[in-house]
Amino acid sequence: MRKNIVAGNWKMNKNLQEGIALAKELNEVLTADKPNCDVIICTPFIHLASVTPIVDKNIIGVGAENCADKASGAYTGEVSAEMVASTGAQYVILGHSERRAYYHETVEILEEKVKLALANNLKPIFCIGEVLEEREANKQNEVVEAQLASVFSLSAEDFSKVILAYEPVWAIGTGKTATPEQAQEIHAHIRSLVAAKYGQEVADNTSILYGGSCKPSNAKELFANPDVDGGLIGGAALKAADFKGIIDAF
Ligand code: 3PY
């Protein structure tokens, strides 16, 4: 059966020393009081090689927040999936709305990134979600369906390594959260799309995380929904106590 997962997305926060300190603190807190779900921290690239050796990988997985859409070569400033994997990281966030909006990542670019991640044994945490105007026009179902094209070209075996994260863009960094009912409704829809493509068994085994202003005070009611299998956490992942508070919702 699918896993419950709480994954932190540090975004462009924490210098190296601060990142190491947070990872150490989380490791201490979570080894002392073991979580009832999988826990992942996704950090800036420069933190990965320092953070992976200091966390107990039976308790905390480590991931990047992005990787290149090319395997290697003359792409100044880019970081490949192979480089990410060589740090000991096991996951990579792909398709975050900030990457789609500010760095113009398309369905096709993301499809390449997903394939390269999987080819390098990284599990993609693949983000989908609609902007406010799309929600107001009741277009969220078709938006997420179109975004899923980047992962729906995979074989069932490869798709089974993908974690999905539904993040309504209108709830990211705005303090607004989808209601538990809104989250359940669209998560169930996403699962039905996976079932239509890969069959019910694959769909039942796919973890679908909710992201967007998820915090200790609302995590329990969001995670109580049958199709919400955890969270992708932004700001609240930057303090060990807040992140632990969300993990404790399971
Ligand atoms: C948020 O909750 O702000 C996120 O974007 C998590 O990825």
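**View A. The lining of the second largest pocket divides into 9 nonpolar, 7 polar and 6 charged residues.** Before you zoom in, keep in mind that this is a predicted model. The second largest pocket holds about 350 Å³ of space. Its lining is made up of 22 residues, and those closest to the pocket's centre are Lys 3, Ile 5, Asp 38, Tyr 91 and Lys 123. Three elements each give two or more residues to this lining: strand E2 (38-42), strand E3 (60-64) and helix H11 (200-205). Strand E2 gives the most, with 3 residues.

**View B. The largest pocket contains about 460 Å³ of space.** Here you can look for a lining of 17 residues. Nearest the centre of the pocket are Lys 11, Met 12, Glu 65, Arg 99 and Tyr 103. Which element gives the most to this lining? That's H4, with 3 residues. Helix H2 (45-51) and H4 each put at least two residues into the lining. Sort the lining residues by class and you get 7 nonpolar, 5 polar and 5 charged.

**View C. The ligand sits among residues that include Asn 9, Lys 11, His 96 and Glu 167.** Also around the ligand are Ile 172, Gly 173, Gly 212, Ser 213, Leu 232, Ile 233 and Gly 234. By class, this shell has 3 nonpolar, 6 polar and 2 charged residues. Now for some distances to oxygen atoms of the ligand. A polar side-chain atom of Lys 11 is 2.8 Å from a ligand oxygen, and a polar side-chain atom of Asn 9 lies 3.1 Å from a ligand oxygen. Gly 234 joins in through its backbone, with a polar atom 3.4 Å from an oxygen of the ligand. How much of the ligand's accessible area does the protein cover? On its own the ligand has 230 Å² of accessible area, and the protein covers 95% of that.

**View D. Lys 11 has a positive phi of about 55°, although it isn't a glycine.** You'll find Lys 11 in the loop that runs between strand E1 (5-9) and helix H1 (16-32). Is Lys 11 buried, exposed or partly exposed? Lys 11 counts as partly exposed because its relative accessibility is 21%, and buried would mean under 20%.

**View E. His 104 is a residue other than glycine with a positive phi, near 55°.** The loop to look at here lies between helix H4 (97-102) and helix H5 (107-119), and His 104 is in it. Why does His 104 count as exposed? Its relative accessibility is 59%, and exposed means over 50%, so His 104 makes the cut.

**View F. The structure holds 1 cavity of 30 Å³ or more.** Rolling a probe the size of a water molecule over the atoms shows where empty space is left. The largest cavity has a volume of about 30 Å³. Its lining consists of Gly 95, His 96, Ser 97, Arg 100, Cys 127, Ile 128, Gly 129, Gln 147 and Glu 167. H4 and strand E5 (123-128) each supply at least two of the lining residues. Counted by class, the lining of this cavity has 2 nonpolar, 5 polar and 2 charged residues. Spot two names from View C: His 96 and Glu 167 line the cavity, and they also surround the ligand.

Key:
Residues are numbered from 1 along each chain as its sequence is written. This is a predicted model: local features need pLDDT of at least 70, side-chain atom pairs count only at pLDDT 80 or more; totals for chains, interfaces and linings use all residues. Side-chain values use heavy atoms; hydrogens and water are left out. A residue is near a molecule or strand if one of its heavy atoms lies within 4 Å of it. A polar contact is a pair of N or O atoms within 3.5 Å; within protein, one must be able to donate a hydrogen and the other to accept it, and residues adjacent in sequence count only if both atoms are side-chain atoms. Accessible areas come from the Shrake-Rupley method with a 1.4 Å probe; for residues, only the protein chains shown count as cover. Ala, Val, Leu, Ile, Met, Phe, Trp, Tyr, Cys and Pro count as nonpolar, Asp, Glu, Lys and Arg as charged, and the others, Gly among them, as polar. Helices (H or I, at least four residues) and strands (E, at least two) are DSSP runs, numbered from the N terminus. Buried means under 20% relative accessible area, exposed over 50%, partly exposed in between (1.4 Å probe, protein chains only). On a 1 Å grid over the protein atoms alone, a cavity is a set of points where a 1.4 Å probe fits but cannot get out, and a pocket is an open set with protein on both sides within 12 Å along at least five of seven lines; lining residues have an atom within 4 Å of a point. Grid points are joined across faces, edges and corners, and a volume is the space filled by probe spheres set on the points.
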